[in-house]
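Me: Could you take me through one part of this model in close detail, and then show me how its surroundings fit together? I'd enjoy one connected walk through it.

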Amino acid sequence: FEKQHNSGHSDSGFLSSGNLQISSELHDHELNIATAPVVPEPMRIDSGVDLDSSENLSQFTLKKVTLNLLTSNKVQVEPTIELTPVNTDKLELKNDVSTLRHESHQSSEKSLSDKSWQFYYTQNDDGDTLLHMAIIQGYIEATFNLIKMAPHSCLLNIQNDDGQTPLHLAVLTQQSKIVRRLILAGANPSLRSFRGNTPLHLACTIGDLASVKALIDPINSIENNYFLAGKKIQILSQDLEQRNYNGQTCLHIAASSDQVELVRFLVHRGADLNAREGLAGRTALHLAMQCRCRSVVAFLLQECRFSLDTKTYRGETAYQLALHIDRQLARELVRLGAIPEPFPESDS
């Protein structure tokens, strides 16, 4: 990714020179976070597939797999996966009704055997299932098939050894269509990785607005008619105030990384501007000011209504912080209603 740096090499098990190395979060010097750094969160991939023996892996899909029943005279130890080329032009999800109907019918014809899910959702030594690996390698149609064949949504919430669900990996690889399909299938967006980050935290960290919308947007009529028709699936809502292990909400992360469009979207969806992060008690405004995120500061002051006098755990207001950073900003805060309270003598 353009905004990500790897903190270490992933053990992928692939022989190709183009091995995928992913760090789930960015270094703090890129996010401009001064006192609450985000430690990179490694993501291991160990699929055992030799890339040199195949063509572009994103052009393959799972065919129907049939398991021999116990009553059969033949014995099959485990099912096999057959990869066949697919037309990548058909992988784009269309919004019109006729295309969605065609895709739904096509998906039903290619659905995997009901008895094969046990094999496909078995975890390997790193805790990954085939769904985890299909997402990492960009097998879009195979991923959709694996999601469709899961007899219960709990299988979509399996966490690998790094605490990452398929939803985490779909966000990290910036595949918003897969993120949305997982949400529609009942995947839980509130599960945390080993750093305490939900998929929404990660989407805000890498600045992926499309994935944020896929996680938060309500179900529309087309999705309800063509993906949820006749299904009893509980769609879990996204908690915008859920915190990671650093006490940060998604708004804190977006504000401190100068993601003004993300901040605007989250605020419009109800994120709490007065919420304080857990390490130092700073609000989104404190963080944006401290990290010199001028576009976020301008948006918060010009378009939002919230308390300008909220104090951090050390008793510091936004005005007092501005006295150290930008005197003009301090005057603007006073004009907008902030109390021009000076520092106590012991702190000055």
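Close look

Reply: Asp-258 counts as partly exposed, because its relative accessibility is 34% and that class lies between under 20% for buried and over 50% for exposed. Do keep in mind that you are looking at a predicted model. Asp-258 sits in the loop that joins α11 to α12. Its backbone is worth a pause: phi is positive, at about 60°, although the residue is not a glycine.

Follow the chain onward from that loop and you enter α12, which spans residues 260–268. Which residues of this helix are buried? They are Val-260, Leu-262, Val-263, Phe-265, Leu-266 and Val-267. These buried residues have several partners, packing against α8 (199–206), α9 (209–216), α11 (250–256) and α14 (294–303). So α11 turns up twice here: it leads into the loop that holds Asp-258, and it is one of the elements that the buried residues of α12 pack against. On the far side of the helix, Gly-270 comes just after α12 and has a positive phi of about 105°. The UniProt record, an unreviewed entry, also annotates this region: it gives "repeat: ANK" for residues 246–278, as well as for 162–194 and 195–217.

Those other annotated spans make a handy comparison. Residues 162–194 have end C-alpha atoms 6 Å apart, with 48% helix and 0% strand. For residues 195–217, the end C-alpha atoms are 25 Å apart, and the span is 70% helix and 0% strand.

Another loop residue has a backbone worth checking. Gln-174 lies in the loop between α6 (166–172) and α7. Its phi is near 55°, again a positive value in a residue other than glycine. Where does Gln-174 fall between buried and exposed? With a relative accessible area of 38%, it is partly exposed, since the limits are under 20% for buried and over 50% for exposed.

Past Gln-174 the chain reaches α7, which has neighbours at α9 and at α5. Take α9 to begin with, since you have already met it among the partners of α12. The axes of α7 and α9 come within 8 Å and cross at roughly 10°, so the helices are roughly parallel to each other. From α7, the residues in contact are Ser-176, Val-179, Arg-180 and Ile-183, and they meet Ala-210, Ser-211, Lys-213, Ala-214 and Leu-215 of α9. Sorted by class, that contact has 5 nonpolar, 2 polar and 2 charged residues.

Now turn to α5 (residues 140–149): its axis comes within 10 Å of that of α7 (residues 176–184), and the crossing angle is roughly 5°. That makes this pair roughly parallel, as angles under 35 degrees are counted that way. On the α5 side, the contact uses Thr-143, Phe-144 and Ile-147, while α7 supplies Lys-177, Ile-178, Arg-181 and Leu-182. By class, there are 4 nonpolar, 1 polar and 2 charged residues in this contact. As a reminder when you read such lists, an α-helix has 3.6 residues a turn, so residues three or four places apart point the same way.

How enclosed is α5 itself? The rest of the structure largely encloses it, because 8 of its 10 residues are buried. The buried residues are Glu-141, Ala-142, Thr-143, Phe-144, Asn-145, Leu-146, Ile-147 and Met-149. Thr-143, Phe-144 and Ile-147, which touch α7, are therefore among the buried residues of α5, with buried meaning under 20% relative accessible area.

Step back to α4 (residues 130–137) and you find a helix that is mostly covered, with 7 of its 8 residues buried. Leu-131, His-132, Met-133, Ala-134, Ile-135, Ile-136 and Gln-137 are the ones concerned. Their cover includes α3 (117–120), α5, α6 and α7, which brings α7 back into view. Just after α4 comes Gly-138, with a positive phi of about 80°.

To set all this in the whole chain: there are 16 helices and 2 strands, and 48% of the 348 residues count as buried. Among contacts between residues at least 6 apart in sequence, 70% join residues at least 24 apart.

Key: Residues numbered from 1 in each chain as written. Predicted model: local features only at pLDDT ≥ 70, side-chain atom pairs only at ≥ 80, totals over all residues. Heavy atoms only, no water. UniProt positions renumbered as here; feature names shortened; annotations may be inferred. Helix = DSSP H or I, 4+ residues; strand = E, 2+ residues; numbered from the N terminus. Axes fitted to C-alpha atoms, helices over the stretch in contact; angles between N-to-C directions. Parallel < 35°, antiparallel > 145°, perpendicular 65-115°, else oblique. Contact = heavy atoms within 4.5 Å. Nonpolar A, V, L, I, M, F, W, Y, C, P; charged D, E, K, R; others polar. Buried < 20%, exposed > 50% of the residue type's maximum accessible area, 1.4 Å probe, protein only.
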